[in-house]
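Colleague: I am new to this one. Could we go through it in short steps?

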Amino acid sequence: MGIVFPLSFLLNQYIFLSSTNQYFPFVIPQYKEFLEVQSNLTKNLFTDYDPTISPVYTWIDVDQPIGYDSQAPKRWNYTVFLYYLKLVEVQEPEEKVSVVMELMEYWYDARLSWNTSLYQNTTSFYARQDNVWSPTLTVFGVNDIMDFRDQDNRMVAIDNFGFLWDYISVRISANCQMDVSRFPFDTQTCQIRFCLPIFYRVQVEILNEIYEGIMDENIFKTMGNSEWKLINLTNRVEVLKYNDNMGNMDLAIFEITIRRNPLYYIYMIVFPSFVINFVSIVGVFLNGADKMSRLNVGLTNIMTMTFILGVMADKIPRTGNIPLLGIYIIINLVIMLIAIAIVTAITELRRWATPKLKMKRSALRTQLEIFLGPPLEYTSAIILELMTCANFLVMVGFWFDDGS
Ligand SMILES: *[C@@H]1O[C@H](CO)[C@@H](O)[C@H](O)[C@H]1NC(C)=O
Ligand SMILES: *[C@@H]1O[C@H](CO)[C@@H](O)[C@H](O)[C@H]1NC(C)=O
Ligand SMILES: *[C@@H]1O[C@H](CO)[C@@H](O)[C@H](O)[C@H]1NC(C)=O
Ligand SMILES: *[C@@H]1O[C@H](CO)[C@@H](O)[C@H](O)[C@H]1NC(C)=O
Ligand SMILES: *[C@@H]1O[C@H](CO)[C@@H](O)[C@H](O)[C@H]1NC(C)=O
């Protein structure tokens, strides 16, 4: 009995509703009416609508300036609206930046507008995107674009003014020229550019906007990754100008400015090479060690620095200018070379001068002989250590100079 009752209840509902051509069992009257009005509306809208043809007005002479014909409608416009952006990765050697962009795009299609009072104030509805004409999102001059949406499940919203909008989630890998002269304290600027290809600029207009909500600091700081911090995000429209009117194109540009977090390079390269250099100078000038082991310390240090340079080289594009980190390491290398040169010179000098100084005894000669020993070496060592420290401090100074 307990089972039979709900079953028969459902059956009754079904029979009752099927007579009104609705199979959904609990339809309330207002909802039913809405569905009917909506179905009338869409039937009327789509009867003569061809989704393969665009609404762009083409009775325009493409050689004339924009808006020359006062009778013509305004340029058909298309807007890309940035809702969220996430930096995925930066590949410096290839000069590529990948971002995931959550976008809305909207445009007008006059054929999809209606008089709301004829349809009980229905102002909007949603439909499959296949049913309407939509512009193809095109990114200008990028490496790669990946649209995460399933081709068959794209939706679009339509309102009574013929205003249409949809949502896109894409991963874009853009090429951007990198300036690594301040590496690892560098800031890079990268552009993602959208365009409407094949249409003439006198016929269409592309616009872009950024959702104000994401400029909020708490949201903004989530858009970088662990190495790079997003510090600015701007939008503008620029004209790609050629000498003729026909080839000009509007580009909707989103520009991001990102700053590297240098901590990794500080503790992986800058600090260790400072320590190695500091200790090596002590080793090279160590009193009592023989000449060969002093040279060994110096050469090992030079090899280490060269290796560190190699590690750095993998992270930067092969551009003409030497990055700060490279200059720092090269200075360390030069300091080490000077240390080796001084030690060798002093040793040779002493070997050459001692017999001569010993030939005739005088106070000055004795003092000179003493000076050619440890005092000269210590003085040089201290000067070179100070240079190493200064080099390190200047390097770290750039970090604070960065203002972050
Ligand atoms: C829908 O259109 C049909 C045929 O034109 C009409 O009979 C019906 O009343 C309309 N329904 C509504 C809710 O407007
Ligand atoms: C875009 O086109 C629509 C419809 O033609 C118009 O109402 C709107 O003002 C245009 N927007 C801009 C920014 O020109
Ligand atoms: C919309 O339809 C109503 C009712 O038929 C009519 O009175 C009104 O003028 C129409 N509005 C426009 C803008 O055509
Ligand atoms: C539509 O909106 C107008 C103005 O708000 C209102 O007077 C009218 O009653 C509404 N019609 C329906 C069917 O809801
Ligand atoms: C972002 O860039 C714009 C345009 O270049 C600039 O006016 C603005 O001051 C920048 N904002 C920050 C926080 O750097």
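Colleague: How far apart do the end C-alpha atoms of residues 264–286 lie?

Modeller: Bear in mind that this is a predicted model. UniProt, in an unreviewed entry, lists residues 264–286 under "transmembrane region". The span is 91% helix and 0% strand. Its end C-alpha atoms lie apart by 32 Å.

Colleague: What percentage of residues 325–349 is helix?

Modeller: This stretch is also in the UniProt list for "transmembrane region". Its end C-alpha atoms are 36 Å apart, and strand makes up 0%. Helix accounts for 100%.

Colleague: Now the sheet. Which strands stand at the edges?

Modeller: The sheet is open and has 4 strands, paired antiparallel in the order 4-8-11-10. Each edge strand has a single partner, so one side of it is left without a neighbour in the sheet. The edge strands are strand 4 (138–140) and strand 10 (228–240).

Colleague: By how many degrees are neighbouring strands of this sheet turned against each other on average?

Modeller: Direction is ignored for this angle. The average is 30 degrees.

Colleague: Which residue in strand 8 stands opposite Val 139?

Modeller: Strand 4 pairs with strand 8, residues 187–195, in the antiparallel sense. The pairing runs over 3 bridges. Opposite Val 139 stands Phe 194.

Colleague: Last, ligand 1. How many residues of the shell around it are charged?

Modeller: The ligand is surrounded by Glu 33, Glu 36, Val 37 and Asn 40. The shell has 1 nonpolar residue and 1 polar residue. The charged count is 2.

Conventions:
Residues numbered from 1 in each chain as written. Chains lettered and ligands numbered in written order. Predicted model: local features only at pLDDT ≥ 70, side-chain atom pairs only at ≥ 80, totals over all residues. Near = placed C-beta within 6 Å. Nonpolar A, V, L, I, M, F, W, Y, C, P; charged D, E, K, R; others polar. Pairing = 2+ DSSP bridges. Helix = DSSP H or I, 4+ residues; strand = E, 2+ residues; numbered from the N terminus. Axes fitted to C-alpha atoms, helices over the stretch in contact; angles between N-to-C directions. UniProt positions renumbered as here; feature names shortened; annotations may be inferred.
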